[in-house]
Amino acid sequence: MAPLDGLRVLDLTMWRPGPYTTQLLAQLGADVLKVEPPGGEPMRMFQGHFDLLNRRKRSIVLDLKSDEGRERCLELAKNAEVFVEGFRPGVADRLGVGDAVLRARNPSLVYCSISGYGADGPLAQVPGHDVNYRAYAATLPPDAVSPSLEELPVADMAAATMAAFAITAACLKARATGEGDRIDLGMADVLAHWTSTVPEATRPQPVEPAAPAPHVTGPVPGYGVYATKDGLKITLGVVSEERLWAATCRALGLDEAAGVPFAERLGRVAELDAEVAAAIARLTRDEAMERLSAAGAPVAPLLTGAEMLDLDHFRARGVLDAGPVRTSAHPPLPGGPVAGLDEHRGQGWRHLTD
């Protein structure tokens, strides 16, 4: 018998964070039913990677844009204990499988949404990937370069682990009370909270701009760390998405490259990434952020710890005080006092009064 035997999980996630979340649950015994779109999850194109993140799950194909597919999903959710989705904020609602709809039919359901920057806040609708979340959360050093294909995607894996923890905690409460919950987990939130636990004196501090080092090419064009002409850095998070690549190119005046498809980009990584790096090097960080953000590109500035703590997004989401897990029915407690040594001698367990 595994610890989560009998836990029913409906999994609508793709790529890495959501699938790793549900695999952690599956490895503890949960019955994970993976819902894939017609044609399958895009990660199946990278079969070796897909296999590592989707073991011990079952798979069904549903077209959520059709009445039949949506109704089947709602039927399955009615008898599930956990529902996990990794769409951009608002997409699940538009598909008819949002939290309000599902929990109206199944009040004990634990509904977990995993997104880059969370469901609300100034950055909620900004596209991104692991390198962007790490930049905003001040977990990249000032001398950071573009990650290699083999580098561990820290934001993805940290958020997935935190989501599995939050789901398990919410299920414990739901089984005791019959009341489910909605978990809103932002990948950047997790790392920002980690950074906030480091004493201020040891956090990365601003450094004087230095002559830019040679650009290090990332795994695909438009994914990595890029120096700006004022000695600062930004990150871009384009992976396979055609719209994000096109937005990035147009914002940087690289119109001829905007239509290059992903398969061709993989064969021209060094060439195309060098063009992106050169275009960014002609702009200040503020100029690059303004142009790329306006175009809808997945961009983030490489912040220091002090800059992260000052960022309105994490303050608005309450990440630094209450932690990275946001729930609607049973919210986490804010930071409290620190006990003195042996302060509670002779005391036993607290008794619940409500």
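Is D184 buried or exposed? At 6% relative accessibility, D184 counts as buried (buried is under 20% relative accessible area, exposed over 50%, partly exposed in between, with a 1.4 Å probe and protein chains only). Some notes on what sits around D184 and elsewhere follow.

1. Ground rules. This is a predicted model, where local features need pLDDT of at least 70, side-chain atom pairs count only at pLDDT 80 or more, and totals for chains, interfaces and linings use all residues. Residues are numbered from 1 along each chain as its sequence is written, and side-chain values use heavy atoms, with hydrogens and water left out.

2. The seven-stranded sheet. This open sheet runs in the order 3-2-1-4-5-6-10, with mixed pairing. Helices and strands here are DSSP runs numbered from the N terminus (helices are H or I with at least four residues, strands E with at least two), and two strands pair if DSSP finds at least two bridges between them. Strand 3 and strand 10 are the edge strands, each pairing on one side only. From one strand to the next, the twist averages 20° (axes are lines fitted to C-alpha atoms, for helices over the stretch in contact, and angles between N-to-C directions run from 0 to 180 degrees).

3. D184 and R326. Back to the opening residue: strand 6 and strand 10 are antiparallel and share three bridges, and D184 has R326 as its bridge partner in strand 10. The two also form a salt bridge, with their closest N and O atoms 3.9 Å apart (a salt bridge is a side-chain nitrogen of Lys or Arg within 4 Å of a carboxyl oxygen of Asp or Glu). D184 lies in strand 6 (residues 181-186) and R326 in strand 10 (residues 325-327), so the pair ties together parts that are 142 residues apart in sequence. R326 is partly exposed, at 26% relative accessibility. Both belong to a salt-bridge network that also links D120, D189 and R317.

4. Helices on that sheet. Helix 7 lies across strand 4 (82-85), strand 5 (110-115), strand 6 and strand 10, at about 165° to strand 5. Helix 8 (residues 187-196) packs on the sheet too, touching strand 5 and strand 6, and makes about 70° with the direction of strand 6. Contact means heavy atoms within 4.5 Å.

5. D11, K57 and Q23. At the other end of the sheet order, D11 and K57 form a salt bridge, with 3.7 Å between the closest N and O atoms. D11 is in strand 1 (residues 8-12) and K57 in strand 3 (residues 57-61), so this pair joins parts 46 residues apart in sequence. D11 is buried at 0% relative accessibility, and K57 is buried at 15%. Q23, from helix 1 (residues 17-27), is also worth a look: Q23 is buried at 2% and touches L52, L53, N54, R55 and K57, not counting residues up to four places away in sequence. The Q23 side chain reaches the backbone oxygen of L52 at 3.0 Å, while a polar atom of that side chain lies 3.0 Å from the backbone nitrogen of N54.

6. The three-stranded sheet. Here the order is 7-8-9, open, with antiparallel pairing. Strand 7 (223-227) and strand 9 (299-301) each have a single partner strand, so one side of each is left without a neighbour in the sheet. Neighbouring strands are turned by 25° against each other on average, direction ignored. Three bridges join strand 8 (residues 233-237) to strand 9, and T235 stands opposite A300 in strand 9. Helix 11 (residues 269-281) lies across strand 7 and strand 8, at about 35° to strand 7.

7. Nonpolar cores. Which residues touch the most other members of the largest nonpolar core? Of its 78 residues, I183 and L292 do (a nonpolar core is a set of buried Ala, Val, Leu, Ile, Met, Phe, Trp, Tyr and Cys residues joined through side-chain atoms within 4.5 Å). Helix 7 (residues 154-177) supplies the largest share of this core, eleven residues. A second, separate core of 19 residues includes L64, C73, F87 and A92. Leaving aside neighbours within four places in sequence, L292 is in contact with I234, L236, T248, A251, L252, A297 and V299.

Conventions
Polar contact = N/O pair within 3.5 Å; in protein donor to acceptor, adjacent residues only side chain to side chain.
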